[in-house]
Amino acid sequence: ASSSSSSVSTQQPWRPPHSPFGLLEELLWDRPWALLLCCILLNQTTRQQVDPVLSRLLDRFPDAASLAAADVGVIEEILRPLGLHRRRARSVILFSSAFLKGAWRKPEELPGVGRYGADAHAIFCEGQWATCEPDDHALRWYVDWIRGLG
């Protein structure tokens with residue numbers, strides 16, 4: 001081996017620590033598409049409502065490609081317990097398609113992703129918890145908690 005191979009960084013990639021809050025984002029940090037999908041589903045609903053729906057959705061459509069190609073009627077049925085299922089179904093299909101195309105630089109450029117999703121992505125996928133100032137209470141709890149570890 002050449003001496004240049006020893007210059008490879010041994011620094012571990014960001015891995016968010018598990019908090020006492022047990023946020024879904026903590027489980028999905030290494031799957032940015034799934035994390036953002038979760039954030040879209042959490043809009044105007046609760047974690048208790050989203051958990052079983054997200055589980056069914058990811059079991060059936062484990063990646064952006066499968067969800068982007070999904071039949072909207074199938075997605076509507078899975079999302080029905082959350083309400084707004086017709087709008088949400090179209091939104092998650094458009095989101096998945098745009099995510100796949102990769103023409104986005106920031107998550108909020110994707111359909112259905114707002115400030116909450118962008119903040120969650122910054123904190124959990126990019127490790128930017130030190131500079132992120134989220135509005136969402138659960139993300140704020142996490143950021144305050146992780147800053148307190150320091």
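**View 1. Y142 and its partner F124, two buried aromatic residues.** In this predicted model, Y142 has a relative accessible area of 0% and is therefore buried, since buried means under 20%. F124 is buried as well, again with a relative accessible area of 0%. Here is the pairing itself: the rings of F124 and Y142 form a tilted aromatic pair, 4.6 Å centre to centre with 45 degrees between the planes. Because F124 belongs to helix α7 (residues 115–125) and Y142 to helix α8 (residues 137–149), the pair ties together parts that lie 18 residues apart in sequence.

**View 2. The aromatic cluster of F95, F99 and W104.** Five aromatic pairs turn up when the whole structure is searched. In the F99–W104 pair, the ring centres are 5.2 Å apart and the planes meet at 35 degrees, so this pair counts as tilted. F99 is buried, at a relative accessible area of 18%. Ring pairs join F95, F99 and W104 into a cluster.

**View 3. Helix α3 and what covers it.** Take a moment to follow helix α3, which runs over residues 47–60. With 14 residues at 1.5 Å a residue, this helix should span 20 Å, and its end C-alpha atoms are indeed 20 Å apart, so the two values agree. Its buried residues include V50, V53, L54, L57 and L58. Among the elements covering the buried residues of α3 are α1 (24–28), α2 (32–42), α4 (64–68) and α5 (72–79).

**View 4. Residues 1–9, with pLDDT under 50.** Please read this stretch with care: pLDDT stays under 50 over residues 1–9, and the model gives them zero contacts beyond four places in sequence. For the protein, the mean pLDDT is 91, with 92% of residues at 70 or more.

Terms used
Residues are numbered from 1 along each chain as its sequence is written. This is a predicted model: local features need pLDDT of at least 70, side-chain atom pairs count only at pLDDT 80 or more; totals for chains, interfaces and linings use all residues. Side-chain values use heavy atoms; hydrogens and water are left out. Helices (H or I, at least four residues) and strands (E, at least two) are DSSP runs, numbered from the N terminus. The expected span of a helix is 1.5 Å times one less than its number of residues. Buried means under 20% relative accessible area, exposed over 50%, partly exposed in between (1.4 Å probe, protein chains only). Contact means heavy atoms within 4.5 Å. pLDDT is the predictor's confidence in each residue, from 0 to 100. Rings of Phe, Tyr and Trp (its six-membered ring) pair if their centres lie within 6.5 Å; planes under 30 degrees apart count as stacked, over 60 as edge-to-face and the rest as tilted.
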